[in-house]
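Visitor: I would like to be guided through this model step by step, with the terms explained as they come up.

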Amino acid sequence: MKTLFLSLTLIVASLSAAAMPGGDVFRKLNLDGKGLEKVKTAVAVGDTTRAAGELLSYYRSRKGIVLTGIDLDRVKLPDDERMMADEALDHRFFVHYGYQPSFFYGDDIDWTYWPVKDNELRWQLHRHKWFIALAKAYKTTGDEKYAKAWIEQYADWMDKNPLDTTLFRKHGKLLTAEQQALVENMSFAWRPLEVSHRLQEQLTIFAIMINSPAFTPEFLVRFLDEYEMHAGHIMRNFSAQGNHLLFEAQRVAFAGIYFPEFRGAREWLQQGIGILNEQIGRQVYADGMQFELDFGYHMASIEIFLKALRMASANGMRDAFPPSYIATVERMIEVVWNVTFPDGSQPLFGDHKTTDKNEMLKKFRTWEQAFPENRQIAWFASEGKRGERPAYLSHAFKTSGFYILRNGWNAASTMMVVKAGPPAFWHNQPDNGTFELWRKGRNFFPDSGCYVYSGDDKVQAEREWFRQTRVHNTLTLDGADIERTDSKLLYWGHSCKADVVSTANPSYLGLTHTRTVFFVEGEFLVIVDRAEGDATGKVALHYGLCPCEPKIDLADASLETLFADGNNIRLQVFCNRPCTMTSEEGWLSPSYRSKTERPAFSFGCPKPGNAPVEFITVIAPGEMSGSISASLVSGKVKVSIGRRKYELAMP
Ligand code: CA
């Protein structure tokens with residue numbers, strides 16, 4: 001009789017667990033932990049309703065675990081997030097800043113709505129960026145409507161975006177149309193990067209929203225059950241490499257630290273930290289640059305490494321990261337201060353998007369906290385009020401192939417960043433040899449940028465335009481994209497009163513592009529381009545200017561900017577063959593989905609057989625007046641600008 005009674009209790013218990021969505025979560029938690037005694041007792045007698053209530057009390061009063069990245073006693077709601085939160089109440093969801101105003105996803109939310117077939121718009125919907133805004137709005141106003149909106153919307157999302165990995169395994173076999181739609185949706189909603197984004201943000205949201213009366217015991221078990229599924233999905237599906245893997249590892253480590261009650265938590269933590277420790281050695285070159293060669297993802301990687309370090313330190317686990325990890329992050333920051341222009345932006349090489357001064361100051365201040373001993377970081381964080389300026393001017397990052405030529409560290413300085421490195425990955429572009437040039441507050445040769453990432457044919461075509469080699473400040477054969485990206489450094493140093501960098505890239509089958517840049521007397525630039533090899537076709541140099549209306553002299557292959565503030569440059573190209581200057585289509589995209597027209601020019605000539613083509617470009621400040629001439633004779637570049645004459649030895 002007793003046995004029968006017990007089995008009946010167990011049946012009822014399992015029925016009740018099954019009846020409560022997420023009721024399975026009690027099996028995923030280690031209920032032997034301190035403070036969970038009442039939950040354990042309730043589960044033991046099959047009372048999951050009471051167990052859920054006890055679990056909610058436990059989390060509402062839990063102490064001792066620090067969530068870094070947000071000060072819960074000083075939550076602020078900036079205007080843009082206030083707008084996001086209020087729009088979200090009407091199901092207008094902030095998915096991407098490139099698609100504003102936000103789209104309406106329906107009274108009955110359609111999580112598959114995809115008004116523009118840009119993959120980012122579909123992926124990032126599932127990052128739920130407006131949820132954190134709802135949480136901050138709730139925290140700062142105390143208005144329950146924000147908490148209710150989040151709970152309703154997240155529950156709706158869980159209902160409509162199930163994860164059924166068995167369908168992935170069947171992929172390619174016969175699936176019904178409905179299953180195919182599910183698989184398509186899962187490829188967006190459950191891409192590990194998106195899952196990791198939710199994993200991270202939900203910690204803050206949880207910490208705030210748990211105090212709302214709308215956050216019921218039933219919702220808690222559902223939330224936790226789903227959370228565990230998120231972490232488990234990442235653990236089984238880490239990205240192969242790159243920034244995605246770093247994001248996923250850091251976020252899984254956070255999950256492990258914040259929710260130690262989960263049976264899997266230790267494994268999440270160990271795996272997350274293990275991956276970061278291993279990948280920092282693999283993804284960061286000896287010179288400090290992250291191997292995707294994109295300054296945006298480079299800075300994101302710094303943040304990832306530091307975030308993990310801060311969270312681990314705040315929870316007594318700083319030892320999880322060796323000194324070499326910390327030293328590497330410090331080297332990564334040195335790359336940033338070298339390639340950042342005085343206005344806070346960096347060259348838009350690859351897929352990088354523009355940043356501004358405030359954003360960069362904020363970063364440097366955070367970095368100063370992490371590296372209080374570093375005098376240079378202090379100098380950049382304080383705009384020169386503390387610390388010390390770097391002791392050097394021009395600087396080379398030889399492994400990653402970034403070369404910075406400069407005459408100072410302030411807004412009035414001249415500064416050029418040349419890119420000529422090894423092959424990289426998806427965010428890199430076929431642009432070796434390209435550069436940006438800043439002078440006295442103006443970026444004269446900004447990179448085209450990237451405009452969009454990926455999507456249907458229309459979106460893809462927009463991306464392809466901005467990726468083309470010919471829209472970069474470098475050399476092409478027949479206007480085609482370079483076939484190989486693998487620049488080698490030939491020379492870096494100072495000679496003939498010039499800082500000199502010389503690199504060679506095997507750009508095409510039968511054509512090597514050697515580019516030598518002389519930054520003469522900290523004042524003007526001489527660029528010598530040599531196209532060598534047996535390839536035939538039309539060789540052309542390309543230069544894209546900042547938006548302006550320059551004075552052009554096609555016959556002389558020269559141009560001059562005419563800014564009223566007097567900060568101008570003159571550019572003239574000389575070639576060892578008859579060369580034609582042509583006006584080209586030019587666009588500049590400083591941020592996602594924004595673009596401005598700008599003047600662009602090519603300087604082309606035919607290359608017959610083995611004969612090398614040589615170009616000399618002189619870029620002089622407007623203040624240097626008089627006619628410009630340049631020629632290359634027996635390894636010496638002879639340049640004259642007005643009455644000033646120079647002889648530069650080729651390295
Ligand atoms: Ca570019």
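Guide: We begin with a term: donors are N, O and S atoms within 2.8 Å of the metal, or within 3.2 Å for Na, K and Ca, and since water is not among the atoms, sites may look incomplete. This is a predicted model, in which local features need pLDDT of at least 70 and side-chain atom pairs count only at pLDDT 80 or more, while totals for chains, interfaces and linings use all residues. Residues are numbered from 1 along each chain as its sequence is written, and side-chain values use heavy atoms, with hydrogens and water left out.

Visitor: Which residues are the protein donors of the calcium ion?
Guide: The donors follow the spacing Q-x17-D-x24-H along the chain. Their distances from the calcium ion run from 2.2 to 2.4 Å. The protein donors are Gln429 (OE1), Asp447 (OD) and His472 (NE2).

Visitor: Are Gln429 and Asp447 buried or exposed?
Guide: Gln429 sits in the loop between strand E5 (414–419) and strand E6 (435–439), and Asp447 in the loop between strand E7 (442–443) and helix H19 (457–467), 18 residues apart. Here helices (H or I, at least four residues) and strands (E, at least two) are DSSP runs, numbered from the N terminus. A residue counts as buried under 20% relative accessible area, as exposed over 50% and as partly exposed in between, with a 1.4 Å probe and protein chains only. By that rule, both Gln429 and Asp447 are buried.

Visitor: What share of the residues in the chain is buried?
Guide: The chain holds 19 helices and 24 strands, and its C-alpha trace spans about 110 × 60 × 40 Å along the principal axes. Of the 651 residues in the chain, the buried share is 57%.

Visitor: On which side of H4 do its buried residues lie, and how wide is the arc that they cover?
Guide: Helix H4 (residues 48–61) has 14 residues and reaches 20 Å from its first C-alpha to its last, close to the 20 Å expected at 1.5 Å a residue, where the expected span is 1.5 Å times one less than the number of residues. Its buried residues are Thr48, Ala51, Ala52, Leu55, Leu56, Tyr58 and Tyr59. They are on the same side of H4 because the arc that they cover around the axis, taken from the directions to the C-beta atoms, is only 160°.

Visitor: Which residue forms a salt bridge with Lys40?
Guide: A salt bridge is a side-chain nitrogen of Lys or Arg within 4 Å of a carboxyl oxygen of Asp or Glu. Lys40 is partly exposed, with a relative accessible area of 40%, and the closest N and O atoms of its pair are 2.7 Å apart. The partner is exposed, with a relative accessible area of 57%, and this partner of Lys40 is Asp32.

Visitor: How many residues apart in sequence are the parts tied together by Asp159 and Arg222?
Guide: The side chains of Asp159 and Arg222 meet in a salt bridge (2.9 Å, N to O). Asp159 lies in helix H8 (residues 144–160) and Arg222 in helix H12 (residues 217–236), so the pair ties together parts whose separation in sequence is 63 residues.

Visitor: What is the relative accessible area of Arg122?
Guide: Arg122 is found in helix H6 (residues 119–125). Leaving aside neighbours within four places in sequence, Arg122 is in contact (heavy atoms within 4.5 Å) with Trp111, Thr112, Trp114, Glu184, Asn185 and Phe188. Arg122 is buried, and its relative accessible area is 2%.
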